[in-house]
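Hi,

Here is the structure I said I would pass on. Have a look at it first, and then read my notes underneath.

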Amino acid sequence: MAQDASAAGGPAITLAHRHVFGLKADVKNNIHYAEETQLIYPAGTNAILWLADQKQQKFFSGNEGAEGITCLAVNATKRYLAVAEKCPEGAIVTIFDLVTAKKRKTLSFSESDAPEFVSVAFSSDNKFLLTQTGASPSGKHDWTLIYWMWDKARPMASIKVSNQQNSPIRECSFNPTDSSIVCVIGDGIFKFMQLKDGFKTLPVAPAKMQSFLCHSWLSDDKMIVCCENGDIMLFDNSGEFQTVLSSSPGEPRSATCAISFSKGFVTGGDDGFIRVFEKSDDPKEVYRNTKSIQLEGGVTGAGVRSLALSPSEELLAVSTSTAQLYQLSLLGQDLLKAEESPVFEPVLTPFHTGAILGMDVCTRKPLVVTCGADKSVRVWNYVEKTCELCKFFNEEAYSVAFHPSGFHLIIGFSDKLRLMNLLMEDMRTYKDIPIKACREVRFSNGGQYFAAVNVNAIQVYNTYTCETVEKLTGHTNKVRSVAWTADDSMLVSTGADGAVYEYSVLSEGRRASSDFVWKNTSFSSVIVYTDPATGGNTMYVVGSDKMLREVCGGQTQNVLQANTTLGQIVLSNSAKSLFASVAEPDAPAPIRVYKFPLDGYYNEFSCHSAPATRIRITFDDYYLFSCGEDGCLFVFDVKKKDRVVSKRDKENALPPADEILVTRTFLDDKQGQLIELERQVDELSNQIEFQLRHRESYHKEEMVELEEKYTAEIDQERTKYELLREEKNDAEMEAEENIKSLAELHAKQTQDLEGSFQNKMMIEVGRYQKLAAERESIHRFWESEHQQLMGKHHKQVADMQRDFEENQTSDKNVIDRINEEKSLAEDVHQETMRQLEQDTDREIEELKEDKEARLKAEKDDKVKLRGQSGIHKRNHEELKRQMQRKEEELRQYQEEARKKQEKIDQLQKERDHNVKEIKQRDTTIGDKEGRIYDLKKQNQELEKFKFVLDYKIKELKAQIDPKNDSIAEMKKQIQAMDADLEDYHRKNTQLQVNIVQLQNRQRSLQEDIVSQRKKMTDCQTVIKRFKTDLHECVQFIQEPKLLKDSVTALYKKYVPNGVKKQELDSDIQREYNRQRDYLEKSVESLKKKLLKDSDVHRQDNTRILQENVSLIREINDLRREIDYLKRERQQQRLHVSKLKGASQKGSTTSVSQTLPDPATTREAEGNKNRIDELRKRIEEQMSLRETYVADNQNTSAVLPSELSEG
């Protein structure tokens, strides 16, 4: 449901599926038996359970968002139904319970994006489900086989089963004797796989890999596989190939489906034949073809799609490619031995093949008529759920209309529009109207008129005289829908031109002034509602814009966003609900129920698997009908929440008419047949009376013979009875003697058993006391050991708590858990021992008292003593088993104590290891702290050096930054100049191209003006001459003969060669070719110039870039030299300061050393000169660029003036 309408304000009307006529033929395994009289098949987006004995259907609706059913499967017990549906988000399978009609599980495989399942199968034990996906959009999950435990919705395994060519898979199934083995067949694919920690492929292969179509498991643990070339292969239970059946059809696609039965199997193919194979005793021919039956009388294209056999194997159901459902009865006639071919009967009724194009409903009768692409017209009874009449024509029928009386039909064929009488067993034409391919025809509500669409016009006829009443025009495109008002005074139409027009039939077809036109929209359906209070008409239209519009007075009053394409709409006669059918291409078509007046709320009900074509409702609003391109006709019960029909209303309601039309010839034939049948009845009555008298005499004679025979037999039986009674008495006496002897023997054996039992009891009591003492000693030993272990454990825990504080919480939890387990074990053990001792003592005392009482009271009762003996033996065995259990529990306690001791030892070792590791880490930490102390000292020294170096770096940066800023400014200027230069080049090129184009255009326009002026002068001259001649012809207006001659002469004079198709002038063609050549040459020259300019520009950029790189490199060299000189000068200054205060000679020497070297001075001066030269070169380049920019500006200023002058 796209929008919830169950809240307040939602529609008060709901739809319930009543019946569907049709079958979805493209579903895999689309027919199954649930019971002997219950058949399952798909129709639209629903799975249908047909109850033949009740003539009812149960509907299993599909999931929301699904695009249709792809395959079906029913389990072996006929309890569950699996429905696979196509879904864009991923294929889904829904499991339904056929008994409760409820949904059990919905399965979807999240790891695959395949939109559909091509095959589904249940295992023989009904626990598992096998699904085979198709191709996936991503190509990563193509043809994946999934093994499900369906009751838990859990996939157990999955595998891709296709080959390297990604061939399609056709079917999958379980081995009926081993659910872990599955079989998959396809185009060149035959695989057996077993589920063991995932799928494992078994090493099996047929004799030859080919295209396999279907397979079936036989009753004798064998399997047949049908190939596309018509061969049928036989395999054993493990998949080993045995043979190719010699009785195989051998024709291509002659076995596309197969099903097994107790004596063999049945196959069906695209050739329309059903072949029955029965097991043979001949080892060379394991199965032989015993019967071949053809469907539908050999109709071309009718292939078998699926087969189903009833549980009793009395009925065979067949679905065909023409969407038909047949059933063959195997009871009452031996199918395998019958010489005549049996007749296939439709399961319900014959259905449409292909799309249903037209539909209409009758007012006075419970009938609905449809026409389809299969060239048939069918009349259905929706109350009896039958097809009343079906007739095939030579032409395709596009539309149909039903007269309110139920006696007349109008059918729009491809060549004409036919008016037909609906007779009892036929449709007979009584009028043909020449309207071709009429796709919309409607009777008025009273039936006195009907409107038929003729392309973009509407013709209104009188029903009883077939005379044209009006021809309504105005549409510019095809009319797609018409509707009558309630009083038949107005007709509303809409079409592909997006217009909605309102015509007055009573006013000569005048169109109302309030037209509504919505451009770029194609409307598909229109309805009209007349307000009883105001009398105004309101139209509702739907179309390709996915809107539901309310139009009144030529204006849109209300618009509802439908979010999908609505194809047809219909308004209930009570004006409380509006029904719409979805017609989205290649998508399912549900039915929507809108509340009326429209408020946006609606309910949605699943229906067709293809776009809907027509929708209608009965006059009493009880039934809704919908048909679509899937060939299905759906009948819905319209249920109203506030509908209360009183007994008086039911009595006053007009019942459906039961009158029929028949011809006089038909009545005469029926009267003749009636007279002939009466004569045959008289003859048969006389014949039967004679036979009865003859049989009565014969039966009397037989009765006498039988009485004599039975009397003799009774005497013989009496004699036998006496003999048997004497033998019985002898046997009774012998049996009494045997019983006495057996009683004595038994009494003796009882005494012996009592003595042996007493001895055994004493021995068992002693053993029990000994075992109890051993148990006490073991228990005391275990207690002491346990206390010692606990003491040691507590001490170790205390040590561990001191040493390992960070693990205290976890160790405490472990200890608490161990203590709880210990106390629980002690309590359980003590309670068990106490109960065991009490039970044992009580049982011993009870046994003693019981035995003494029984020995005194019932010594002669053998049966009870034996029973007591057995009871004591069982008690003894029970005591033994209890002792063994206690010993086992003791061993378990000892094992737990050993494990706890091992755990304590392990914890002790971990503690020692942790202590050792802590000591090692302390040593490492001490070493690292000493290393850190040394590094801190080094860091302090380095900080001092860093302070000195930072000061030096600041001085150097202060000297370098101004030069860097100037270099960066120069780079920016160079880049800006390059961008300006490129812009000017581009503008100049574009302006030159524009100049050339404008000049060429001006030249061509001038030439066109000259030629057109010349042509206009010539035409004016011819027109003047023609006017003069025409004036002379007018003089003969009163004389037809002379007028005709003069007009003929005028035609010959001015049209000597007839009207010729205007051809293009050769001068224009030459001019066009010349201009095209010129433009092509211009384009080539511009391209060459552009390439040349781009090369020059690239070279200039490269040269400038190289110069910039060289300049930067020289600047960097100069910087390095300056830095070197500064360092030398600093060293010299330091050296001078050290030698300060020395002798005069020494000071003179130091001063001479500090003086700059002449070579260094010359080098510095040379560097300065080079820097000045570089600056000059940069200034020259900048001046050149400024000059170039100024020239370009002058050029751009001159060009517009030249263009304006041109």
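Below is what I found, strand by strand.

This is a predicted model, where local features need pLDDT of at least 70, side-chain atom pairs count only at pLDDT 80 or more, and totals for chains, interfaces and linings use all residues. Residues are numbered from 1 along each chain as its sequence is written, and side-chain values use heavy atoms, with hydrogens and water left out.

Let's start with β35, residues 408-413 (strands are DSSP runs of E, at least two residues, numbered from the N terminus). Six of its six residues are buried, meaning under 20% relative accessible area with a 1.4 Å probe, protein chains only. His-408, Ile-410 and Gly-412 point one way from β35, while Leu-409, Ile-411 and Phe-413 point the other way.

Next, its partners (two strands pair if DSSP finds at least two bridges between them). β34, residues 397-402, runs antiparallel to β35 and is joined to it by five bridges, with Ser-399 opposite Gly-412. The two make a hairpin with five residues in between, and Gly-406 in that turn has a positive phi of about 85°. β36, residues 417-422, also pairs with β35 in the antiparallel sense, over five bridges. There, Arg-418 is the bridge partner of Ile-411, and three residues separate β35 from β36 in their hairpin.

Elsewhere, there is an open, antiparallel sheet of four strands in the order β1-β57-β56-β55. β1 (13-21) and β55 (612-617) are at the edges with a single partner strand each, so one side of each has no neighbour in the sheet. Eight bridges join β1 to β57, residues 633-640, and His-19 has Val-635 as its bridge partner in β57.

Cheers

Terms used:
Buried means under 20% relative accessible area, exposed over 50%, partly exposed in between (1.4 Å probe, protein chains only).
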